[in-house]
Amino acid sequence: MTEQFELRYVGGHVEVFDAGGRFCFSADTVGEAQSELRDLAA
């Protein structure tokens, strides 16, 4: 699932973008972002 998204470090947090480069959400850590992505896939 995460291969469909790009995680970028921005200003001390992680921003998640879809394959089209559109912003999806932000998270405090990579682990939190990955957890959110798993929740979206469920």
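In the predicted model, Leu 7 is in contact, once its neighbours within four places in sequence are set aside, with Val 14, Glu 15, Val 16, Val 30, Ala 33, Gln 34 and Leu 37. Leu 7 itself belongs to strand S1, and with a relative accessible area of 30% it is classed as partly exposed. Between Leu 7 and Ala 42 there are 35 positions in sequence, and their C-alpha atoms lie 19 Å apart in space.

The protein as a whole contains 1 helix and 3 strands, which follow one another along the sequence in the pattern β-β-β-α. Its C-alpha trace extends over about 30 × 20 × 15 Å along the principal axes, and 24% of its 42 residues count as buried. Among the contacts in the protein with a separation of 6 or more, 17% are made by residues that are 24 or more positions apart.

The 3 strands are arranged as an open sheet in the order S1-S2-S3, with antiparallel pairing. Strands S1 and S3 occupy the edges, and because each has a single partner strand, one side of each is left without a neighbour in the sheet. On average, and with direction ignored, neighbouring strands of this sheet are turned by 25° against each other. Strand S2, which comprises residues 13-18, is largely enclosed by the rest of the structure, because 5 of its 6 residues are buried.

The pairing of S1 (residues 5-10) with S2 is antiparallel and is made through 6 bridges. In this pairing, Phe 5 stands opposite Asp 18 of S2, while Val 10 has His 13 of S2 as its bridge partner. The hairpin formed by S1 and S2 has 2 residues between the strands, and within this hairpin Gly 11 adopts a positive phi near 55°. On the other side of the sheet order, S2 and S3 (residues 23-27) are likewise paired in the antiparallel sense, here over 4 bridges, with Phe 17 standing opposite Phe 23 of S3. The hairpin of S2 and S3 has 4 residues between the strands, and in this hairpin Gly 21 takes a positive phi, near 85°.

Charged residues of the sheet were examined next. The structure holds 2 salt bridges. One of them joins the side chains of Arg 8 and Glu 6, with an N to O distance of 3.2 Å. Both of these residues are partly exposed, Arg 8 having a relative accessible area of 32% and Glu 6 one of 40%. A further salt bridge is formed between Asp 18 and Arg 22, whose closest N and O atoms are 3.0 Å apart. Here the two partners differ in their surroundings: Asp 18 is buried, at a relative accessible area of 18%, whereas Arg 22 counts as exposed, at 55% relative accessibility. Asp 18 is thus a residue that takes part in a salt bridge with Arg 22 and that also faces Phe 5 across the pairing of S1 and S2.

Glu 15, a residue of strand S2, presents another case, in that it is buried yet has no salt bridge. The nearest side chain of opposite charge is that of Arg 8, at 5.9 Å; this separation does not qualify as a salt bridge, because the criterion requires a side-chain nitrogen of Lys or Arg within 4 Å of a carboxyl oxygen of Asp or Glu. The side chain of Glu 15 does, however, make a polar contact of 3.1 Å with the side chain of His 13, the residue of S2 that is the bridge partner of Val 10. With neighbours within four places in sequence left aside, Glu 15 is in contact with Glu 6, Leu 7, Arg 8 and Val 10, and also with Phe 23, Phe 25 and Ser 26. Among these contacts are Glu 6 and Arg 8, the two residues whose side chains are joined to each other in a salt bridge.

Conventions: Residues are numbered from 1 along each chain as its sequence is written. This is a predicted model: local features need pLDDT of at least 70, side-chain atom pairs count only at pLDDT 80 or more; totals for chains, interfaces and linings use all residues. Side-chain values use heavy atoms; hydrogens and water are left out. Buried means under 20% relative accessible area, exposed over 50%, partly exposed in between (1.4 Å probe, protein chains only). Two strands pair if DSSP finds at least two bridges between them. Contact means heavy atoms within 4.5 Å. Axes are lines fitted to C-alpha atoms, for helices over the stretch in contact, and angles run from 0 to 180 degrees between N-to-C directions. Lys and Arg count as positive and Asp and Glu as negative; His and the chain ends are not counted. A polar contact is a pair of N or O atoms within 3.5 Å; within protein, one must be able to donate a hydrogen and the other to accept it, and residues adjacent in sequence count only if both atoms are side-chain atoms.
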